[in-house]
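Biologist: I'd like to learn how to read a structure, one feature at a time. Could you walk me through this one?

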Amino acid sequence: MKTESLNLLFARLALNVVLSIAAMLSFAVFAQAQNPRTYVSASGTDAGNCDQLAQPCRLVGYALSVVDARGEVVILDSGYYRPFLVNKSVTIAAAPGVYAQIQITEEGGTAIQVATAARDYVVLRGLTVHSPGGDAGQIGIHFSTGGALHVENCTINGFTLSGITSSGAELFVKDTTIRNSNYSVHIVGNGNIPRAVLENCRLENGTHGIHASSNARVTAKNTTAAGNSGSGFLASLPVNGGGAAEMNLENCVSSHNGTGINANVNTTIRVSNSTVTGNTTGLTHNGALLSRYNNTVEGNTFNGNFSGFFAAK
């Protein structure tokens with residue numbers, strides 16, 4: 001009887017030990033996964049969780065690997081940072097007053113690649129995205145797949161292909177300057193209908209400001225396209241086919257470009273309360289280039305004309 005009691009006691013003790021160890025392991029795994037914010041510094045080290053101000057990472061990519069989905073990566077100090085891939089919902093932001101330059105490092109490369117699931121969203125805030133050279137095929141920010149990308153208060157400079165290329169579901173660009181790139185913003189469908197909204201942006205000294213093609217739906221407000229050798233605002237069908245692109249311009253300026261606004265065949269651009277001036281050609285169209293009667297088209301070498309008008313609703 002005593003032996004049976006001792007065996008029962010030992011069995012209970014063993015079970016308690018197993019349960020305690022399992023609980024501790026579960027807690028450890030749970031604790032390790034909880035990194036709602038990670039930090040990056042030019043003097044950081046890629047080790048641990050990077051979730052303490054005093055122990056930041058060096059690479060944004062490493063910080064992304066240890067932050068939770070829907071978490072935040074904060075760049076703490078000014079410096080140069082390597083390109084990175086974003087594959088989950090997250091915010092990547094430079095701290096106020098910090099000059100965080102994401103610099104491309106290879107031919108034909110991309111500084112920031114965003115490829116997420118359909119319902120994910122990504123925020124890029126306060127970054128400087130830069131290409132120092134002229135190698136072909138470079139992209140500043142490539143939003144290839146995902147639910148939504150928000151680009152806020154960024155500067156993008158010097159990319160031979162595009163400052164931003166987007167085939168994702170929804171692109172939002174606000175308070176951002178893109179310069180010295182072939183396409184400042186290139187919106188192109190890939191069997192889908194990509195949408196983009198730009199507000200308070202400057203698109204300068206490239207080939208084209210905004211290029212919408214292959215099913216793209218683009219709206220720009222309070223945005224200036226200036227000094228581009230091609231078109232400030234361009235809607236076209238891609239060479240390999242695809243559906244018609246549409247663009248809506250509200251309170252925009254197109255100045256000192258080769259062409260101010262260009263609606264190619266089977267596309268539609270609607271223009272309201274905007275100014276087109278100082279271009280070689282103000283307006284050109286083989287598609288529908290529509291005015292809401294309240295635009296200014298003056299001072300171009302050749303002003304051109306709208307194809308038609310639409311009434312305010």
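Modeller: Sure, and let's begin with one charged residue. Arg-270 is partly exposed, with a relative accessible area of 26%. Keep in mind that this is a predicted model.

Biologist: Which residue forms a salt bridge with Arg-270?

Modeller: Here's the general idea: side chains of opposite charge can pair when their charged atoms come close. In this structure, Arg-270 pairs with Glu-246, and their closest N and O atoms are 3.4 Å apart. Glu-246 is partly exposed too, at 25% relative accessible area.

Biologist: Where do Arg-270 and Glu-246 lie along the chain?

Modeller: Arg-270 belongs to strand 26 (residues 268-272) and Glu-246 to strand 23 (residues 246-250), so their salt bridge ties together parts that are 24 residues apart in sequence.

Biologist: How many salt bridges does a search of the whole structure find?

Modeller: It finds 5 salt bridges. Another one of them joins Glu-152 and Arg-125, with the closest N and O atoms 3.0 Å apart. That pair also links distant parts of the chain: Glu-152 sits in strand 11 (residues 148-152) and Arg-125 in strand 8 (residues 121-125), 27 residues apart. Glu-152 is partly exposed at 23%, and Arg-125 is partly exposed at 32%.

Biologist: What about Glu-204: is it buried or exposed?

Modeller: Glu-204 is buried, with a relative accessible area of 12%. The side chain of Glu-204 meets that of Arg-202 in a salt bridge at 2.5 Å, N to O. Arg-202 counts as partly exposed, at 40% relative accessibility.

Biologist: Which residues are joined into one network by salt bridges that share partners?

Modeller: Those are Arg-179, Arg-202 and Glu-204.

Biologist: Let's move on to cysteines. How many disulfides are there in the whole structure?

Modeller: For this feature, you look at how far apart the sulfur atoms are. A search of the whole structure finds 1 disulfide. The disulfide joins Cys-50 to Cys-57, with 1.8 Å from S to S. The link is right-handed, with 115 degrees about the S-S bond. Cys-50 is buried at 2% relative accessible area, and Cys-57 is buried as well, at 0%.

Biologist: Why is Cys-154 too far from the closest cysteine sulfur for a bond?

Modeller: Use the cut-off here: a disulfide needs two cysteine sulfur atoms within 2.5 Å. The closest cysteine sulfur to that of Cys-154 is in Cys-201, 10.0 Å away, so the two are too far apart for a bond. The sulfur of Cys-252 also has Cys-201 as its closest cysteine, at 9.5 Å, and that is too far for a bond as well. Cys-154 is buried at 2%, and so is Cys-252 at 2%.

Biologist: Where is Cys-201 found?

Modeller: Cys-201 is in the loop between strand 17 and strand 18 (202-204). Cys-201 counts as buried, at 3% relative accessibility. Its C-alpha atom is separated from that of Cys-252 by 9.6 Å, although the two are 51 residues apart along the chain. Leaving aside neighbours within four places in sequence, Cys-201 is in contact with several residues, including Val-173, Asp-175 and Asn-222.

Biologist: Now the strands. What order do the strands take in the open sheet of 12 strands?

Modeller: To read a sheet, follow which strand sits beside which. The order is 1-2-5-8-11-14-17-20-23-26-29-31, and the pairing is parallel. The edge strands are strand 1 (37-40) and strand 31 (308-309), each pairing on one side only. Inside this sheet, strand 17 (residues 195-199) and strand 20 (residues 217-221) run parallel and are joined by 5 bridges. One example is Arg-195, whose bridge partner in strand 20 is Arg-217.

Biologist: Which strands are at the edges of the open sheet of 9 strands?

Modeller: That sheet runs 4-7-10-13-16-19-22-25-28, with parallel pairing. Its edges are strand 4 (84-86) and strand 28 (281-285). The twist averages 10 degrees from one strand to the next. Strand 4 is joined to strand 7 (residues 110-115) by 3 bridges, and Val-86 stands opposite Val-114 in strand 7.

Biologist: One last feature: which residues touch the most other members of the largest nonpolar core?

Modeller: In this core of 68 residues, they are Ile-92 and Ile-112. Helix 2 (residues 60-66) supplies the largest share, 4 residues. Away from its neighbours within four places in sequence, Ile-112 has contacts that include Phe-84, Leu-124 and Val-129.

Conventions: Residues are numbered from 1 along each chain as its sequence is written. This is a predicted model: local features need pLDDT of at least 70, side-chain atom pairs count only at pLDDT 80 or more; totals for chains, interfaces and linings use all residues. Side-chain values use heavy atoms; hydrogens and water are left out. A nonpolar core is a set of buried Ala, Val, Leu, Ile, Met, Phe, Trp, Tyr and Cys residues joined through side-chain atoms within 4.5 Å. Buried means under 20% relative accessible area, exposed over 50%, partly exposed in between (1.4 Å probe, protein chains only). Helices (H or I, at least four residues) and strands (E, at least two) are DSSP runs, numbered from the N terminus. Contact means heavy atoms within 4.5 Å. Two strands pair if DSSP finds at least two bridges between them. Axes are lines fitted to C-alpha atoms, for helices over the stretch in contact, and angles run from 0 to 180 degrees between N-to-C directions. A salt bridge is a side-chain nitrogen of Lys or Arg within 4 Å of a carboxyl oxygen of Asp or Glu.
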